[in-house]
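Me: I would like to learn how to read a few features of a model like this one, going from single residues to helices and cavities. Could you take me through them one at a time?

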Amino acid sequence: MSENSLAIRKFSDLANPTRFLALAARALPWLAALTALFFAAGLWLSFTTEGDYQQGETVRIMYVHVPSAWLSMMCYTVMAISALGTLVWRHPLADVSAKAAAPIGACFTFLALVTGSLWGKPMWGTWWVWDARLTSVFVLFLMYLGLIALNRAMDDPSRSARVSAVLVLVGFVNIPIIKFSVDWWNTLHQPASVIRLDGPTIDPEFLRPLIVMAIAFTLLFFTLHIGAMRNEIWRRRVASLRRQAARNAGREQLAP
Amino acid sequence: MTALFLRDLKLSVRAGGGAMIGVLFFMTVVAVIPFGVGPDLNLLARIGPAILWIGALLASLLGLDRLFQAEREDGSLDLIMMQETPLLLTVLVKCAAHWTATGLPLVVASPFLGLFMNMDERAIGATMLTLLAGTPAITLIGAVGAAVAVALPRGGLLVSILVLPLAIPVLIFGVSAVYAAIEDPAPFLPPFMILMAITLFFAVIGPVAAASALRHSAD
Amino acid sequence: MRLLAEGLSARRGEDLIFKDISFDLAGGEALVVTGPNGSGKSTLLRVLAGLLGADSGRVRLKGGPAGFDHPRELSHYLGHRNAMKRELTVEENLIFWQRFLGDSPGGSGDGLVEAATAVGLADIIHLPFGYLSAGQQRRMAMAKLLVAYRPIWLLDEPTAALDVSADRLFAGLVARHLERGGIVIAATHQALGFTGVKSLEMTGFFH
């Protein structure tokens with residue numbers, strides 16, 4: 001994806017947060033506009049294409065559900081790369097990126113879970129089944145929340161960055177193991193009543209809006225991510241200004 | 001007193017506060033159960049209320065040890081104990097703030113977890129209601145444990161060990177009220193009334209005992 | 001108003017910390033308690049604050065407001081720790097103590113900004129308490145003495161972590177409190193720089 005490569009080129013270009021801020025200020029309006037454009041197209045396509053003969057209108061949930069599920073995983077990958085950046089290259093922006101991505105990832109995962117649940121109710125007759133795929137996504141959601149809690153619990157960003165980077169990487173290494181064990185657990189127990197999602201190959205009729213929506217969601221992710229990184233940099237600057245103010249305060253008045 | 005309530009609420013939502021951790025712990029504990037017992041929806045629906053209750057019980061014990069310890073560490077406890085307001089009223093207010101910050105979110109989160117457990121609407125409603133009535137009792141009993149362990153360097157685990165046995169009646173009547181609501185022949189009200197009675201009882205006993213424990217642990 | 005201690009003695013566990021301490025302070029008087037480490041200065045202050053029971057003897061208040069016969073509820077106690085929350089801003093901390101403590105009869109506390117100005121830190125009350133240096137934190141803890149009125153100040157090593165200029169500033173606060181008829185009892189092992197005060201030297205026991 002072109003947007004993807006743009007973002008990556010920017011990341012590697014970046015030497016310091018100030019340059020990043022300047023670039024972000026220039027890129028954000030364009031990214032936001034592009035996101036809105038793709039969303040408009042994607043939503044229009046989603047609502048104009050025909051419903052599935054089996055699932056009826058509810059199939060349209062897929063256009064939100066599947067992209068958010070993809071992004072929930074991509075976001076964790078972004079966090080894992082950022083964590084590597086923190087630990088290996090000591091890139092000053094890497095921990096900002098990891099910290100900013102966590103809440104966004106949690107949101108997409110939550111969206112995937114909720115839409116999945118809304119879709120599951122008419123399809124399976126229940127809000128939730130402990131299907132292997134759903135369960136893995138739920139575990140991912142819990143991991144996101146744990147990371148957010150960890151980031152919040154420590155007030156010194158440079159110290160918390162290393163620690164949470166370690167946890168992100170351990171989680172990343174663990175994801176295949178979790179996935180495998182959940183699959184295994186599930187086939188061990190799974191009652192046959194559940195309809196599996198992976199039916200026949202997907203029809204091009206559904207594929208077109210799905211791809212447009214996926215691009216729109218990816219763009220949305222990068223817009224939000226860059227925006228959140230910018231906010232995080234600003235937040236840290238404010239914090240350091242305040243510490244500076246605290247150090248300076250009272251010196252002048254008290255000087256003999 | 002409102003000042004104390006608001007301060008404690010503020011502290012629990014600020015960075016490092018326990019409000020979010022409790023809910024997260026609750027979710028994780030409940031989410032782990034199916035991995036142990038298997039994804040059989042009927043089985044989960046049957047044991048769901050009990051699991052939600054046990055999860056809520058454990059989660060509400062989580063931040064309790066800091067209830068007085070944090071105050072003691074920065075010296076606030078001394079000032080609080082010097083005031084003319086009766087100490088037991090102060091304890092009650094602190095418990096109320098602690099419950100609002102950690103217990104109430106558990107009650108709010110319980111319906112979502114109920115969905116994961118494949119519980120029906122009736123069971124979810126009953127669980128939420130009993131949690132609402134029962135979790136304050138856990139906080140109030142926990143305050144006694146927190147006050148007893150306030151001066152101990154590793155009070156955290158000890159508080160849980162001290163409090164869990166005392167909280168067993170709450171669990172018994174909470175869970176049995178939920179099952180009474182689901183299964184028709186058993187009446188819902190008697191166990192629910194007893195649950196509320198337990199809460200009210202501990203609303204009296206808890207602060208009195210905690211206040212006297214705090215007085216005696218002063219050094 | 002007079003604060004009287006009559007034959008006070010206190011124990012910690014089995015050990016007798018001090019015995020037979022008596023003094024008599026009128027409004028406007030200060031008592032500086034000096035002595036080596038472990039001689040019981042802090043214990044004495046905690047007994048006066050009502051946080052520890054006296055083993056024998058008693059603390060009395062004469063001619064104070066009706067209904068107060070122990071000085072506990074009329075006292076500010078500044079211990080080794082500042083009793084402020086790192087997570088909250090200085091302002092939130094001070095407002096909390098102002099509202100929680102309330103004023104004792106016979107006076108009223110300063111406003112928040114006044115109190116912070118008095119300790120020379122008015123422009124950083126919006127910062128979280130944890131951002132402040134140790135000395136600044138101590139000064140803010142003193143501002144806490146000002147926001148709610150208490151006739152008696154019990155100060156335990158008040159000037160620990162303070163530099164010389166802050167020391168002077170603090171002596172000024174104490175002098176102002178004494179002028180208004182307050183009572184100050186301070187435990188310290190360094191000269192506090194206020195003059196015309198009673199002093200009590202504690203020697204401690206050696207078993």
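Me: Which residues does Leu195(B) touch, not counting residues up to four places away in sequence?

Reply: Bear in mind that the model is a predicted one. Leaving out residues up to four places away in sequence, Leu195(B) touches Trp53(B), Thr130(B), Ala133(B), Gly134(B), Val170(B), Phe173(B) and Gly174(B). Leu195(B) itself belongs to helix α9 of chain B, which covers residues 189–217. One of these contacts can also be followed through the backbone, since Leu195(B) and Thr130(B) stand 65 residues apart in sequence while their C-alpha atoms are 7.8 Å apart in space.

Me: Is Leu195(B) buried or exposed?

Reply: The general idea is to compare the relative accessible area with a cut-off, and buried means under 20%. Leu195(B) has a relative accessible area of 0%, and therefore counts as buried.

Me: What would the opposite case look like, and where is Arg46(B) found?

Reply: Arg46(B) is found in helix α3 of chain B, residues 41–62. The cut-off for exposed is over 50%, and Arg46(B) counts as exposed because its relative accessibility is 53%. Arg46(B) also illustrates a pairing across the sequence, for its C-alpha atom is separated by 9.1 Å from that of Tyr179(B), a residue 133 positions away along the chain.

Me: Now to chain A: how many helices and strands does chain A have?

Reply: Chain A has eight helices and zero strands, and its elements therefore read α-α-α-α-α-α-α-α from the N terminus on. Of the 256 residues in chain A, 45% are buried. Among the contacts in chain A with a separation of 6 or more, 82% are between residues 24 or more positions apart.

Me: Which residues does Thr109(A) touch, again not counting residues up to four places away in sequence?

Reply: Thr109(A), which is placed in helix α4 of chain A, touches Ser72(A), Val137(A), Phe141(A) and Tyr144(A) on that count. Thr109(A) is a buried residue, because its relative accessible area is 0%.

Me: How should I check the length of a helix such as α2 of chain A, and why does the span agree?

Reply: The general idea is to take the expected span as 1.5 Å times one less than the number of residues. Helix α2 of chain A, residues 17–48, has 32 residues and should therefore span 46 Å, and its end C-alpha atoms lie 44 Å apart, which agrees.

Me: Where does the kink in α2(A) lie?

Reply: The kink, of about 35°, lies at Ala27(A), shortly before the proline Pro29(A).

Me: Which residues of α2(A) are buried, and how do I read such a list?

Reply: An α-helix has 3.6 residues a turn, so residues three or four places apart point the same way. The buried residues of α2(A) are Phe20(A), Leu21(A), Ala24(A), Ala27(A), Leu28(A), Leu31(A), Thr35(A), Phe39(A), Gly42(A), Leu45(A) and Ser46(A). The kink residue Ala27(A) is thus among the buried ones.

Me: How many cavities of 30 Å³ or more are there, and what lines the largest cavity?

Reply: The count comes to two cavities of 30 Å³ or more. The largest cavity holds about 120 Å³ of space and is lined by 16 residues, with Asp95(A), Ala98(A), Lys99(A), Asn151(A) and Ser164(A) nearest its centre. Helices α3, α4, α5 and α6 of chain A each supply at least two residues of this lining, and α6(A) gives the most, with six residues. By class, the lining of the largest cavity has nine nonpolar, four polar and three charged residues.

Me: Which elements supply at least two residues each to the lining of the second largest cavity?

Reply: They are α5 of chain B together with β5 and α4 of chain C, and β5(C) gives the most, with three residues. The second largest cavity has about 60 Å³ of space, and its lining includes Leu79(B), Met82(B), Tyr77(C) and Arg150(C). By class, that lining has five nonpolar, three polar and two charged residues.

Conventions: Residues numbered from 1 in each chain as written. Chains lettered and ligands numbered in written order. Predicted model: local features only at pLDDT ≥ 70, side-chain atom pairs only at ≥ 80, totals over all residues. Heavy atoms only, no water. 1 Å grid on protein atoms, 1.4 Å probe; cavity = no way out; pocket = protein on both sides within 12 Å on 5 of 7 lines; lining within 4 Å. Points joined across faces, edges and corners; volume = space filled by probe spheres on them. Helix = DSSP H or I, 4+ residues; strand = E, 2+ residues; numbered from the N terminus. Nonpolar A, V, L, I, M, F, W, Y, C, P; charged D, E, K, R; others polar. Buried < 20%, exposed > 50% of the residue type's maximum accessible area, 1.4 Å probe, protein only. Contact = heavy atoms within 4.5 Å. Bend = angle between axes of the 7 residues up to and from the residue.
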